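Walk through this model with an eye on its backbone. The stops are peptide bonds and phi angles.

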Amino acid sequence: MSDLLAAASDGFSTAVAAPTDAAAPGAPALSWRDGEILRDGAPHRILSGSIHYFRVHPDQWEDRLRRLAAMGANTVDTYVAWNFHERVEGDIRFDGWQDVERFVRLAGEVGLDVFLRPSPYICAEWSNGGLPFWLTGRVAALRTSDPAFLAAVDAWYDALLPRLAPLQAAYGGPIVAIQIENEYGSFGSDAAYLAHLRDGLRRRGMVEMLTTADGITPDMIAHGSVPGAMTTFTFGTGVPVAASLRRHGEALMCSELWGGWFDHWGERHHVRSADSMGGTIRELLDEGGSVSLYMAHGGTNFGLWNGANHDLVLQPTVTSYDSDAPIGEDGTLGKKFHALRALFAPFHADELPPVPDQPRRQSAASAPLDPRAGLLDVVRATPAAGALSPRPLTFEQLGAEDGLVAYEADVSFPDEATLTIDGLHDRAVVFLDDRRLGVLERDGETSLALPVDGGSGRLTLVVESLGRINYGPYTGEGKGIMRGVMIGRRLVNGWTHRLLPQTAPAADAAGSGGKDGLAVAGFDIAEPLDAWLAFPGGGKGMVWLNGFLLGRYWSVGPQETLYAPAPLWRAGRNEIVVLDTDGLGATVEIREAPSFGETEEFIGS
């Protein structure tokens with residue numbers, strides 16, 4: 001058998017190693033010529049929608065894929081989130097929720113092609129843009145030809161790509177296209193880096209059509225494109241501009257058509273009307289273009305996987321990634337679903353699959369929150385991490401991926417002294433002994449007054465990472481206390497660190513409970529079904545359902561309910577644990593419908 005295959009892409013070719021222990025590959029499924037995508041020599045349209053396996057409980061993957069097929073899509077696109085698979089350097093996981101091969105196979109079984117977007121950087125409003133925190137903590141020149149960065153990427157590709165190469169269409173699988181990097185033209189200008197990624201994909205057996213994706217400016221296209229990969233575009237409304245930017249006989253494709261938008265804490269919930277979305281897609285199809293809707297089904301930033309943007313201030317993304325998508329966070333089929341089904345149906349020779357039923361939900365209920373321990377009690381029950389440190393350490397130095405780290409030091413201070421955190425990323429609750437002094441935030445107040453008459457005591461700063469930046473020049477920025485803590489102009493030395501675990505704190509933690517801290521509620525459920533949880537009166541908390549970290553709530557909104565998927569519930573007793581840094585509410589509610597807060601129409605550029 002031949003172990004070489006020429007890459008089919010606009011005249012560019014490079015040696016491609018076939019997967020070991022595999023039959024000789026057939027021809028790549030897709031190519032482009034004279035402004036068209038071809039499949040087996042015939043014109044072909046990619047009608048795709050984004051679903052991220054890492055944002056959907058694996059027991060629901062098949063359901064969401066079937067809903068996408070019923071919407072009229074012939075392709076699903078998904079990123080591969082590197083940090084989701086390699087949370088600890090060298091421990092790369094492809095089992096359970098990280099079984100991306102299973103997701104790809106399920107898509108094929110449902111009848112969908114797969115458009116794979118395999119990192120290293122994905123943006124996606126995902127923590128750190130998909131880059132592992134342990135890598136960005138030591139490499140400054142991210143997304144470049146820096147040898148340390150490329151060595152880590154190569155090791156990741158060595159683990160990932162041999163698993164995916166046999167799932168390409170050339171070997172009988174569903175993968176028909178592979179994206180190189182993501183929106184690189186709005187970030188950097190290292191052509192050698194893009195070429196390294198392209199060649200690395202080919203050397204590791206990825207034979208299908210390669211693409212890039214960038215916004216609709218000539219500068220972005222110039223710096224984000226690479227020979228051998230078809231240029232595609234990302235936009236909300238930009239069909240005429242994108243059509244004018246096509247090059248070298250490339251087909252017109254929008255690989256991210258923003259049919260909705262994501263939300264930041266403290267903003268309104270973004271929506272886009274079905275008429276607006278449908279009008280842009282109709283315009284693109286009339287131009288002969290292909291499309292991937294971002295998102296077709298948004299899913300959820302479970303745990304602490306939400307990213308953040310930075311536009312003069314930090315803008316953390318909420319737990320929900322519903323994105324006003326045609327297939328809602330719990331699988332609900334909305335007006336956009338039916339609009340797209342009508343638009344896509346004429347491109348199918350056969351009838352579309354029947355429309356699935358709407359998901360079932362648990363009935364409304366309420367349960368009291370039983371306070372168990374104050375926030376300081378939880379901190380004091382957590383063992384110290386390492387030895388005493390002269391200066392406060394960052395999350396990266398402590399090996400803390402995200403969440404909460406408590407910084408403690410013994411201090412003395414004069415009359416009318418001020419405490420300042422220099423380089424706070426991102427939020428700190430401040431205690432002196434047992435007294436809560438206030439909250440400091442990186443883009444708000446970073447100083448507060450200590451007791452006016454001076455004194456001494458144990459200073460505790462409970463610092464929270466609100467989300468690692470996922471887009472732009474601050475991607476990879478560290479978390480925690482980046483420089484130091486000062487009383488007046490004097491640095492505080494001698495720090496103890498406690499990493500609060502992302503597992504649910506023990507419900508029997510020592511303490512009498514209080515306004516903040518740990519609380520527990522229980523629900524008796526006859527049948528595990530989807531539910532929406534609300535925490536009226538709660539300030540800012542993390543929520544575990546039967547030991548699984550659902551995500552965060554925050555009274556600043558807009559999100560008011562957390563999605564709790566059916567596979568996380570069990571028949572009988574279910575335990576909800578809340579850790580609130582700002583103020584516990586009195587109850588937990590199961591609601592029959594989500595509440596994403598006050599809305600505003602948003603289209604994107």
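A residue counts as exposed when its relative accessible area is over 50%, and as buried when that area is under 20%. The model is predicted, and every value here is computed from it.

Take histidine 248 to begin with. Its relative accessible area is 58%, so histidine 248 is exposed. The residue sits in a loop, with α8 (239-245) before the loop and β10 (253-258) after it. Its backbone is worth a look too. Histidine 248 is not a glycine, yet its phi is positive, at about 55°.

Now turn to cysteine 123. This residue also has a positive phi without being a glycine; the angle is about 60°. Is cysteine 123 buried or exposed? Its relative accessibility is 6%, and the cut-off for buried is under 20%, so cysteine 123 is buried. Its place is the loop between β6 and α4.

Stay in that loop for the peptide bonds. The loop joining β6 (113-117) and α4 (133-136) also holds proline 120. The bond leading into proline 120 from serine 119 is cis. Its omega is near 15°. The β6–α4 loop thus carries proline 120 as well as cysteine 123.

Another cis bond lies further along the chain. Where is proline 558? Look in the loop between β30 (548-554) and β31 (562-564). Here the partner is glycine 557, and the peptide bond from glycine 557 to proline 558 is cis. Omega for this bond is near 10°.

Definitions and conventions: Residues numbered from 1 in each chain as written. Predicted model: local features only at pLDDT ≥ 70, side-chain atom pairs only at ≥ 80, totals over all residues. Heavy atoms only, no water. Helix = DSSP H or I, 4+ residues; strand = E, 2+ residues; numbered from the N terminus. Buried < 20%, exposed > 50% of the residue type's maximum accessible area, 1.4 Å probe, protein only.
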